[in-house]
Amino acid sequence: MSQTKTATCMLCEASCGLVVNVGHDEAGVLRVLRTEGDRDDRFSQGYLCPKAAALDDVRLDPDRVTEPMRRTRGGSFTRV
């Protein structure tokens, strides 16, 4: 079963309004099924840039930093 939610993209200063259809995949992971511009948003009026369309790809990127990190003297990172 999927749900439709409204949200605001925070990737840039435009803060576009989004309509996001979400649901769980076979593994039970919450996935974005479809992202559209929110026509009722008074600023973006339904416009959706490529960054906002790819928000779920950013969220699920395996290289994404998900916890605080500190750079060590050697240049690598350790958890804080």
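Visitor: I'm new to this structure. How many salt bridges does the structure hold?

Guide: Welcome! The structure holds 4 salt bridges. Keep in mind as we go that this is a predicted model.

Visitor: What is the general idea behind such a pair?

Guide: Side chains of opposite charge can pair when their charged atoms come close. Here is one case: the side chains of Arg34 and Glu36 meet in a salt bridge, with 2.6 Å from N to O.

Visitor: Are Arg34 and Glu36 buried or exposed?

Guide: Arg34 counts as exposed, at 52% relative accessibility. Glu36 counts as partly exposed, with 34%. The cut-off for exposed is over 50% relative accessible area, which is why Arg34 gets that label.

Visitor: Which residue forms a salt bridge with Asp56?

Guide: That is Arg59, and the closest N and O atoms of the two are 2.9 Å apart. Both belong to helix H2, residues 55-59, where they stand 3 residues apart, so about one helical turn separates them. Asp56 counts as buried at 12% relative accessibility, whereas Arg59 is partly exposed, with a relative accessible area of 36%.

Visitor: And which side chain meets Arg79 in a salt bridge?

Guide: The side chain of Glu67 does, again at 2.6 Å from N to O. Arg79 lies in strand E5 (residues 77-79) and Glu67 in the loop between H2 and strand E4 (69-71), so this pair ties together parts that are 12 residues apart in sequence. Arg79 is exposed, with a relative accessible area of 67%, while Glu67 is partly exposed, with 32%.

Visitor: Let's turn to the strands. What is the order of the strands in the open sheet?

Guide: The order of the 3 strands is E1-E2-E3, and their pairing is antiparallel. To read a sheet, look for the partners of each strand. Strands E1 (3-8) and E3 (30-37) stand at the edges with a single partner strand each, so one side of each has no neighbour in the sheet. On average, neighbouring strands of this sheet are turned by 30° against each other, direction ignored.

Visitor: How many bridges are there between E2 and E3?

Guide: Strand E2, residues 17-24, pairs with E3 over 7 bridges in the antiparallel sense. You can find one such place at Val19, whose bridge partner in E3 is Glu36. You have met Glu36 already: its side chain is in the salt bridge with Arg34.

Visitor: Where is Gly37, and what is Gly37 in contact with?

Guide: Gly37 has its place in strand E3. Leaving aside neighbours within four places in sequence, Gly37 is in contact with Gly17, Val19, Gly46, Tyr47 and Leu48. Leu18 is worth finding too: its C-alpha atom and that of Gly37 are separated by 4.7 Å, although the two residues are 19 residues apart along the chain.

Visitor: Is Gly37 buried or exposed?

Guide: Gly37 is buried, with a relative accessible area of 15%. Buried means under 20%, so the value for Gly37 falls on that side of the cut-off.

Visitor: One last feature. Which residues form a nonpolar patch on the surface?

Guide: They are Val65, Met69 and Phe77, which together have about 300 Å² of accessible area. Start with Val65, in the loop between H2 and E4. Val65 counts as exposed, at 59% relative accessibility. Glu67, from the salt bridge with Arg79, lies in that loop between H2 and E4 as well.

Key: Residues numbered from 1 in each chain as written. Predicted model: local features only at pLDDT ≥ 70, side-chain atom pairs only at ≥ 80, totals over all residues. Heavy atoms only, no water. Pairing = 2+ DSSP bridges. Helix = DSSP H or I, 4+ residues; strand = E, 2+ residues; numbered from the N terminus. Axes fitted to C-alpha atoms, helices over the stretch in contact; angles between N-to-C directions. Buried < 20%, exposed > 50% of the residue type's maximum accessible area, 1.4 Å probe, protein only. Contact = heavy atoms within 4.5 Å. Patch = residues over 30% accessible without salt bridge, like charges linked within 9 Å, V, L, I, M, F, W, Y side chains within 5 Å. Areas by Shrake-Rupley, 256 points an atom, 1.4 Å probe, with all protein chains shown as cover.
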